[in-house]
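Visitor: I'm new to this one. Could you walk me through it and tell me how each label is earned?

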Amino acid sequence: MFTRRHLLQTAGASAAFAATGSLSEFAHAASAAADLTPGVPTGVSSYVTMGTLPGKKPLIQLSDRPPNYESPLEYFRTPITPNDQFFVRYHLADIPEVKAEGYKISVGGDGANGPVEITLDDLKKMPAVEVAAVNQCSGNRRGLSTPHVQGVEWGYGAMGCAKWKGAKLKDVLDKAGIKKETIEIGMNGADGPAVPDTPDFIKSIPLWKAVEDTTIIAYEMNGAPLPHFNGFPARVIVPGWTGTYWIKHITNINALTKPQGGFWMNPAYRIPVGKFPIRDRFITQENATSTPITEIVVNSLITSHREGAKVKPGKVTISGLAWDGGYGIRAVQVSTDGGKTWSDAKLGQDLGRFAFRPWSFEIAAKKGKNSVMVNATNVIGQSQTAALIFNPAGYHNNVIQNLTLNA
Amino acid sequence: MRAFAFIFAAALIALPAAASAEEQTIKLKPGPGLDKVEANCQACHSLAYIPMNSPFLNAAGWDATVKKMINAFKAPIDAADANAIAAYLGKNYGS
């Protein structure tokens, strides 16, 4: 556990301070290099530490401004990620603390019959929906791309699964009334850029996705108000789709009769056309070469052990999580012979098709190095990729993991 | 929502109350151009983005990155500073 190691490191630093009287030894926060996912650019380990945001447990602090903090592997040992262990991701550095009192969402746009304002109380009076869903950053595992690509160099931890409770976006849109010409729903949150001309983080989703019963404006996360850094007072939840659409501190919702423009729709958050096994298409935003990222690709992660972990020869239980874009996990298979043969892992609690699905598998560890590969398959038969599907933004990395255990 | 005013000092000092309780201390490598990096880049983001995105970009890659900051993100960096920043990054954080 990183907490114990960090304590030890802190103790070591204290000892060094006592021995040398050097304050500089003591002033440095302990490196979090050992918490990083193996394979991220080496530059990350040169500076990274754990950082503790208000109301949060220590997270891997990739950048403090804007705040980009990922969860260490140990936080993924339960299918629900506690709020104080949930990753934090912002694009822009001006992040106001939005108060519940006076908070309102403006609903309008050229596809709305008329503008309306929705307060937090209004949201809570609407029929509530609760959905367990994985929120995964589009660029999760970007740091593992080969060759490396630019951006926030996430390892495994830019994801989490929570029970989100809120009002249906459809019900909110109905308050304004949507014209039949509406094609997309545009969304903006209270966070903004540090300099005025930087493009504000404005996103849209197709109308069909916006009116699904599980697309909600959430004011509760795991039974509690959303943490500030996860979007208080309310954020949009788009189950199955990557985090880029899950607008935090939502303040503006616009019914649009023309495609949403802006940097964050194009060229940002796009994947090459035809490269990924994607079902959900965002047709009003597609062009000949690129299309917006949509649903999460099927994926899995071993969370019981880190790369190179020491185990005793004999029976060892490996466990982890599997997830996809909302079809649901049908099977998780494990190979201990380099992919020649595969066996079904035992699936754990099913919290719904959008949630993390826990799994476990017992291996017989032999003395020396043991390879453990994991491949998840979803209900529509999609499995993880053996070789990276390279793309310039480092999205959709679901390469089959191959972990080494040392017995 | 947009920031209402661009006040450089305010952007650096008057972080919202909920900003990180543990501000990062990023010590970049010394060298010509470091002053321009510190004066420009951290108006919008932590200097952590520099070592984080290293050492895999070559000099041309860093130059393109600086241009992206100016053209796509509208960073108000003048041409002389932009050249100095790109040269510093290519030399100190390039592949």
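Guide: Happy to. Let's start with one residue pair: G108(A) sits opposite N254(A) in β14(A). Keep in mind that this is a predicted model.

Visitor: How do you know that β5 and β14 of chain A pair?

Guide: Two strands count as paired when there are at least two bridges between them. Strand β5 (residues 104-108) and strand β14 (residues 250-256) of chain A have 3 bridges, in the parallel sense, so they pass.

Visitor: Which sheet has β5 and β14 of chain A in its order?

Guide: An open sheet of 5 strands in chain A, ordered β6-β5-β14-β9-β10, with mixed pairing.

Visitor: What makes β6 and β10 of chain A edge strands?

Guide: Count partners. β6 (116-119) and β10 (202-206) of chain A each have a single partner strand, so each has one side without a neighbour in the sheet. As for twist, neighbouring strands here are turned by 20 degrees against each other on average, ignoring direction.

Visitor: Which helix packs on that sheet?

Guide: Helix α5 (residues 169-176) of chain A, which touches β5, β6, β9 (184-189) and β14 of chain A. The direction of α5(A) makes about 65 degrees with that of β5(A).

Visitor: What about the sheet with β17 of chain A: which strands stand at its edges?

Guide: That open sheet has 4 strands in the order β17-β18-β22-β21 (chain A), with antiparallel pairing. β17 (299-302) and β21 (346-347) of chain A are at the edges, because each has a single partner strand.

Visitor: And how do you know that β17 and β18 of chain A pair?

Guide: Same test: at least two bridges are needed. β17(A) and strand β18 (residues 314-323) of chain A share 4 bridges in the antiparallel sense, so they count as a pair. In one of the matches, L301(A) has L321(A) in β18(A) as its bridge partner.

Visitor: How is chain A divided?

Guide: Into domain 1 (2-84), domain 2 (104-292) and domain 3 (299-406). The C-alpha centres of domains 2 and 3 of chain A lie 29 Å apart. Their contact takes 22 residues from domain 2 and 20 residues from domain 3.

Visitor: Which elements give two or more residues to domain 2's side of that contact?

Guide: β7 (128-136) and β15 (270-272) of chain A. The largest share, 4 residues, comes from β7(A). By class, this side of domain 2 has 13 nonpolar, 6 polar and 3 charged residues.

Visitor: Now for chain B. Why are its helices α4 and α5 called oblique?

Guide: Helix α4 (residues 59-71) and helix α5 (residues 79-93) of chain B pack at about 140 degrees, with axes 8 Å apart. Roughly antiparallel would need an angle over 145, and roughly perpendicular runs from 65 to 115. The angle fits neither, so α4(B) is oblique to α5(B). Their crossing is right-handed.

Visitor: Which residues meet there?

Guide: On α4(B), A59(B), W62(B), D63(B), V66(B) and I70(B); on α5(B), A82(B), I85(B), A86(B), L89(B), G90(B) and Y93(B). By class, that is 9 nonpolar, 1 polar and 1 charged residues. What makes G90(B) polar here is simply that Gly is counted as polar.

Visitor: How many residues does each chain give to the contact between chains A and B?

Guide: Chain B gives 34 residues and chain A gives 39 residues. On the chain B side, helix α3 (residues 49-52) gives the most, with 3 residues. That side has 23 nonpolar, 7 polar and 4 charged residues.

Key
Residues are numbered from 1 along each chain as its sequence is written. Chains are lettered from A and ligands numbered from 1 in the order in which they are written. This is a predicted model: local features need pLDDT of at least 70, side-chain atom pairs count only at pLDDT 80 or more; totals for chains, interfaces and linings use all residues. Axes are lines fitted to C-alpha atoms, for helices over the stretch in contact, and angles run from 0 to 180 degrees between N-to-C directions. Angles under 35 degrees count as roughly parallel, over 145 as roughly antiparallel, 65 to 115 as roughly perpendicular and the rest as oblique. A crossing is left-handed if the near helix is turned anticlockwise from the far one by less than a right angle, and right-handed if clockwise. Two residues are in contact if their C-beta atoms, placed from the backbone, lie within 7 Å. Domain bounds come from an automatic or database domain assignment.
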